[in-house]
Amino acid sequence: MRREPIVLFDDGKHQCLCFDDLVSGDGVQSNQFLIVDHDKRLLLDPGGDLTYTPLSLELSKLFPLQDLDYIFASHQDPDIIAALDKWLLHTRAKVICSKLWARFLPHLTASYLAVSHGISTYDRVIPLPDRGESVQLGRCQLKMIPAHFLHSVGNFQVYDPISKILFSGDMGASLVDDASPAQDFAAHVPHMEGFHRRYMASNKVGRLWANMVRGLDIEMIVPQHGRPFVGKPMITAFLDWIADLQCGMDLMGPDDYQVPR
């Protein structure tokens, strides 16, 4: 039996929920998030067919699904937005994503949406400029902040100034089975080191990102996979670690670019 969503923040008017146990079978553990402010709702990185049915059922327990206002897609991967056609059909939500990926989203939607239902993917997309922007959700201004090449060329994250949560997408992801907060940073590093070394583009962008994030008032960094970082000591430890990490193209050399025998 699935448990109730994890309440990350709730002051009666503003709420942040985490759904962390919806993936079954061979899929990688994945977190989906809902931000609610004064009855306006934004769903982050809802995923593909593995999560659509269980996630939509869980959301329907909270509000009529068609009343979803926004879907945020941090980047273009299947575990982010592959079930887009279903969300367009069953909700009235606008889709927020990088302008680099907005033009490709129609590849994720079937032609029947336009033919039978009159749904235009382009009309439902809000493309983000490279430097990001603020999006009004109820009485809250969410910040869509750039995280390009971490790991996608057009990548964004969501900073919620009311809960002081940074929804960081793949940055900080760990290959574990649950979303309980990380307790011992040194012990947690092996769960995320291999992923970050391969999926993040370079130390330069990691360091630029960390320096940007240090300027935000953050109490929690919550990635799309695995465990969040809660409290200033854990957040600082993670930012120091990623700012120094050699990854991606830093690790590439001639041996990695050879024609197979």
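Which residue stands opposite Y159 in β11? In this predicted model, the residue opposite Y159 is L166. The pairing belongs to the contact between β10 and strand β11 (residues 165-169), where three bridges join the two strands in the antiparallel sense. Both strands are part of an open sheet of six, which runs in the order β8-β9-β10-β11-β12-β13 with mixed pairing. At its edges stand β8 (133-137) and β13 (229-230); each has a single partner strand, so one side of each is left without a neighbour in the sheet.

The loop that leads from β9 (140-146) to β10 (156-160) holds N155. With a relative accessibility of 2%, N155 counts as buried. Its side chain makes a polar contact of 3.2 Å with the side chain of H75. Apart from residues up to four places away in sequence, N155 touches S74, H75, I145, P146, A147, H148 and L150.

Strand β3 (residues 32-37) offers another view of the interior. Six of its six residues are buried, so the strand is largely enclosed by the rest of the structure. In a regular strand the side chains alternate between the two faces of the sheet. Here Q32, L34 and V36 point one way from β3, while F33, I35 and D37 point the other way, and all are buried. On one hand β3 pairs with strand β2 (residues 14-19), antiparallel and over six bridges, with F33 of β3 as the bridge partner of C18. On the other, five bridges join β3 to strand β4 (residues 40-44), again in the antiparallel sense, and D37 stands opposite K40 in β4. Two residues lie between the strands in the hairpin of β3 and β4, where H38 takes a positive phi near 45 degrees.

Attention now turns to charged pairs. Side chains of opposite charge can pair when their charged atoms come close, and the structure holds nine salt bridges. One of them joins R92 and D67 at 3.0 Å, N to O. R92 lies in the loop between α3 (84-90) and β6 (94-98), and D67 in the loop between α1 (49-60) and β5 (70-72), so the pair ties together parts that are 25 residues apart in sequence. R92 is exposed, at 57% relative accessible area, whereas D67 is partly exposed, at 27%.

A salt bridge within a helix is formed by E193 and R197, whose closest N and O atoms are 2.9 Å apart. These residues are four places apart in helix α7 (residues 193-199), a separation of about one helical turn. Both E193, at 27%, and R197, at 29%, are partly exposed. D240 and R214 also meet in a salt bridge, at 3.0 Å from N to O. This pair links distant parts of the chain, with D240 in helix α9 and R214 in helix α8 (residues 203-214), 26 residues apart. In addition, salt bridges that share partners join K164, D217 and K232 into one network.

Helix α9 also contains M234, which counts as buried at 12% relative accessibility. Beyond its neighbours within four places in sequence, M234 is in contact with A182, Q183, F185 and F229. Another methionine, M252, is placed in the segment after α9 (232-244) and is partly exposed, with a relative accessible area of 38%. Together with M249, L251 and Y257, M252 makes a nonpolar surface patch of about 460 Å².

Methods: Residues are numbered from 1 along each chain as its sequence is written. This is a predicted model: local features need pLDDT of at least 70, side-chain atom pairs count only at pLDDT 80 or more; totals for chains, interfaces and linings use all residues. Side-chain values use heavy atoms; hydrogens and water are left out. Patches are made of residues with over 30% relative accessible area and no salt bridge: like charges are joined within 9 Å, nonpolar side chains (Val, Leu, Ile, Met, Phe, Trp, Tyr) within 5 Å. Accessible areas come from the Shrake-Rupley method with a 1.4 Å probe; for residues, only the protein chains shown count as cover. A salt bridge is a side-chain nitrogen of Lys or Arg within 4 Å of a carboxyl oxygen of Asp or Glu. Buried means under 20% relative accessible area, exposed over 50%, partly exposed in between (1.4 Å probe, protein chains only). Two strands pair if DSSP finds at least two bridges between them. A polar contact is a pair of N or O atoms within 3.5 Å; within protein, one must be able to donate a hydrogen and the other to accept it, and residues adjacent in sequence count only if both atoms are side-chain atoms. Contact means heavy atoms within 4.5 Å.
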